[in-house]
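Here's a quick briefing to read alongside the model. Have the sequence and the 3D view open as you go.

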Amino acid sequence: MPRPKGSKNRKSKTVAVVENVNERIEAVSAEIESLKEQLKAKKAELKDLNKAKEEADKLAAEKKAEEDKNAILAAVAASGKSVDEILDMLKAQ
């Protein structure tokens, strides 16, 4: 007795589809592991860069404070007034 119209043997296609899906799952899993390793490396690099930035900012702030101090001392020397006179003038304001 012949098969009814539209009925096909689909086992071989199903097996091929399952194997293809399994291969893709393995490939995606391997890619995820690779990306995790890259992420870990990038996070470590970012941490080092942030640390270097903080140190550079700290040095810049110290340098600016030193420059400001020198500018104030130069202004005091140029004014011809003593430090006590300048402090009294600042308190009055």
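**Helix, surface and salt bridges**

Let's start with Ile25, which sits in helix H1, the stretch covering residues 11-79. Keep in mind that this is a predicted model. Below is a rundown of the overall make-up, a nonpolar surface patch and the salt bridges.

**Overall make-up**

- The chain has two helices and zero strands.
- Of the 93 residues in the chain, just 2% are buried.
- Add up the accessible surface of the chain and you get about 9,000 Å², with carbon and sulfur atoms accounting for 59% of that.

**The nonpolar patch**

- Back to Ile25: together with Val17 and Val21, this residue makes up a nonpolar patch on the surface.
- The three side chains' residues share about 250 Å² of accessible area.
- Ile25 has a relative accessible area of 47%, so it goes down as partly exposed, a label for values between 20% and 50%.
- That 47% also clears the patch cut-off, because patch members need over 30% relative accessible area.

**Salt bridges in helix H1**

- How many salt bridges does a search of the whole structure find? The search turns up three.
- Glu33 and Lys36 form one of them, with their closest N and O atoms 3.8 Å apart.
- Both Glu33 and Lys36 belong to helix H1, and the three-residue spacing between them is about one turn of the helix.
- Glu33 has a relative accessibility of 42%, so this residue counts as partly exposed.
- Lys42 pairs up with Glu45, and here the closest N and O atoms are 3.7 Å apart.
- Lys42 and Glu45 are separated by about one helical turn because they are three residues apart in helix H1.
- Is Lys42 buried or exposed? Its relative accessibility is 55%, so Lys42 counts as exposed, the cut-off being over 50%.
- Glu45, at 40% relative accessibility, counts as partly exposed.
- Lys64 and Asp68 form a salt bridge too, with the closest N and O atoms 3.3 Å apart.
- Here the partners are four residues apart in helix H1, so about one helical turn separates Lys64 from Asp68.
- Lys64 is partly exposed, with a relative accessible area of 49%, and Asp68 is also partly exposed, at 36% relative accessibility.

Definitions and conventions: Residues numbered from 1 in each chain as written. Predicted model: local features only at pLDDT ≥ 70, side-chain atom pairs only at ≥ 80, totals over all residues. Heavy atoms only, no water. Patch = residues over 30% accessible without salt bridge, like charges linked within 9 Å, V, L, I, M, F, W, Y side chains within 5 Å. Areas by Shrake-Rupley, 256 points an atom, 1.4 Å probe, with all protein chains shown as cover. Salt bridge = Lys/Arg side-chain N within 4 Å of Asp/Glu carboxyl O. Buried < 20%, exposed > 50% of the residue type's maximum accessible area, 1.4 Å probe, protein only.
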